[in-house]
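I opened this notebook to record what I looked up in the structure. My topics were burial, strand pairing, nonpolar cores and pockets.

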Amino acid sequence: MHPLLARPARLLLVMLTAAACGVPLAWLLRLSSPRPWAQVLVFTVPLTVVGAFIALSAWWVCRRHPLPAARPWTAVAAQSLAALQSSLLWTALAAIGSVALARTVAPSFTRATILNDLAVVFVVGLPLYLVSAVGHYLALAVEASHEAERRAFETEVTAREAELRALRAQLNPHFLFNSLNSINALIGSDPEGARRMCERLGDFLRRSLALGAREVVTLGEELILVERYLDIEQLRFGARLRVEVEVADVLRECLVPPLLLQPLVENAIKHGIQDLVEGGVVRLEAHGEGERLSITVTNPIDGDAPLRTGEGVGLANVQRRLVAWGEEAANLRVDRTPDHFRVALTLPLRRREEAHR
């Protein structure tokens with residue numbers, strides 16, 4: 001169905017506009033053959049309404065012969081033929097109407113005026129149809145542009161979702177490999193500790209898979225996952241690993257991308273605490289500053305220790321997740337001093353209740 005005919009309001013607008021066009025057509029007919037306005041308007045107003053629906057047939061011709069085409073002359077020929085057919089049909093309907101009026105309410109419609117009117121209607125009908133065709137081509141071009149934008153947006157969203165799924169799939173094996181190395185280190189010296197680590201690893205992986213399948217989670221849920229990860233690492237490092245968490249309860253309801261904090265804490269342990277004989281403190285803080293949520297992870301480092309292979313993979317993963325999340329205001333900043341390593345994560349401050357409005 002034609003878009004203008006799909007809704008009653010549009011159909012009414014088409015009819016009113018076409019009826020208004022009957023006035024200039026009546027003026028044109030009176031120039032060639034003077035008659036009372038009332039008699040001419042009775043003829044032209046219904047005629048222009050009918051002519052509007054005939055001109056709308058250009059929609060299907062335009063869709064059948066789109067521009068630009070491989071052979072544009074085919075479209076030109078098709079539109080010219082359609083214009084001729086449309087004008088002939090409009091003229092035939094005008095002939096029927098004028099004869100009917102001449103025999104009823106419009107005696108001024110003589111044979112000569114009728115022939116003159118039909119000639120004018122035929123000549124006017126050709127450019128009117130062609131104007132309609134041009135308008136329909138423009139409408140189709142706008143429609144094609146919107147469709148291309150929609151497909152581009154859908155492609156972008158699909159690509160972003162695919163990237164997020166890939167990053168989530170990359171995170172879980174990363175957790176698993178490191179934890180299995182820890183279990184392997186405990187099997188010989190502390191079998192009971194290795195068993196407890198396996199249990200905690202299973203709980204951690206279940207939670208990480210559940211959170212990773214969601215678009216956003218609360219900061220509190222992320223912190224619980226970090227706690228499960230630290231339970232595993234505490235068995236390996238013992239008193240060498242100390243953790244300080246400073247997060248206000250009100251901030252635990254803020255929304256963040258899933259699986260975002262654990263790689264930062266893992267990076268602090270693997271490339272900081274692990275290199276220090278006496279261990280150290282991993283400090284995790286979160287602060288709300290206006291419309292911004294600031295999260296920092298700080299750990300001591302051994303400035304003389306060589307860089308480990310793969311250092312920075314977790315940070316790069318988090319950075320890519322922020323990009324895939326699509327939030328331009330989010331950013332990740334890394335600061336390194338001779339004694340400490342600090343990762344600062346800045347996100348828009350969004351609360352759970354705001355997401356449901």
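I first fixed my term: a residue is buried when its relative accessible area is under 20%. The model is predicted.

**Entry 1: helix α8.** How many of the nine residues of helix α8 are buried? I found that eight of them are, which leaves this helix, residues 262-270, mostly covered. The buried residues in α8 are Q262, P263, L264, V265, E266, N267, A268 and I269. I noted that L264 and I269 recur among the residues with the most contacts inside the largest nonpolar core.

**Entry 2: strand β7 and its partners.** I turned next to strand β7, residues 340-348. Seven of its nine residues are buried, so the strand is largely enclosed by the rest of the structure. I then looked up its pairing. Strand β5, residues 292-300, pairs with β7 in the antiparallel sense over nine bridges. Strand β6, residues 331-336, also runs antiparallel to β7, and six bridges join them. A hairpin of three residues makes the connection from β6 to β7. Which residues face V343 of β7? From β5, V297 has V343 as its bridge partner; V334 likewise stands opposite V343.

**Entry 3: nonpolar cores.** I looked up the largest nonpolar core and found 47 residues in it. Those with the most contacts inside it are L219, L251, L261, L264, I269, I295 and L345. Helix α7, residues 219-237, supplies the largest share of this core, with nine residues. Another core, of 17 residues, lies apart from it; L47, A106, F109 and L118 are among its members. As background I noted that nonpolar side chains tend to be buried together in soluble globular proteins.

I then listed the contacts of L345, leaving aside neighbours within four places in sequence. L345 touches L260, L261, L264, L293, S294, I295, L322, N331 and L332. Three of these partners, L261, L264 and I295, I had already recorded among the residues with the most contacts inside the largest core.

**Entry 4: the largest pocket.** I found about 540 Å³ of space in the largest pocket. It is lined by 23 residues, and C21, G51, A52, A55 and L128 are the closest to its centre. Two or more lining residues come from each of α1 (8-32), α2 (37-55), α4 (72-102) and α5 (111-187). Are the lining residues nonpolar, polar or charged? By class I recorded 15 nonpolar, eight polar and no charged residues.

**Entry 5: the second largest pocket.** The volume here is about 210 Å³. The lining consists of C62, R63, P66, L67, Y137, L140, A141, E143 and A144. Helices α3 (58-64) and α5 each give two or more residues to it, and α5 gives the most, with five. By class I recorded seven nonpolar, no polar and two charged residues in this lining.

**Entry 6: T44.** Last, I checked one residue of helix α2, T44. Is T44 buried or exposed? Its relative accessibility is 0%, so T44 counts as buried. Apart from neighbours within four places in sequence, T44 is in contact with G22, L25, A26 and L29.

Conventions: Residues numbered from 1 in each chain as written. Predicted model: local features only at pLDDT ≥ 70, side-chain atom pairs only at ≥ 80, totals over all residues. Heavy atoms only, no water. Core = buried A, V, L, I, M, F, W, Y, C linked by side-chain atoms within 4.5 Å. Buried < 20%, exposed > 50% of the residue type's maximum accessible area, 1.4 Å probe, protein only. Helix = DSSP H or I, 4+ residues; strand = E, 2+ residues; numbered from the N terminus. Contact = heavy atoms within 4.5 Å. 1 Å grid on protein atoms, 1.4 Å probe; cavity = no way out; pocket = protein on both sides within 12 Å on 5 of 7 lines; lining within 4 Å. Points joined across faces, edges and corners; volume = space filled by probe spheres on them. Nonpolar A, V, L, I, M, F, W, Y, C, P; charged D, E, K, R; others polar. Pairing = 2+ DSSP bridges.
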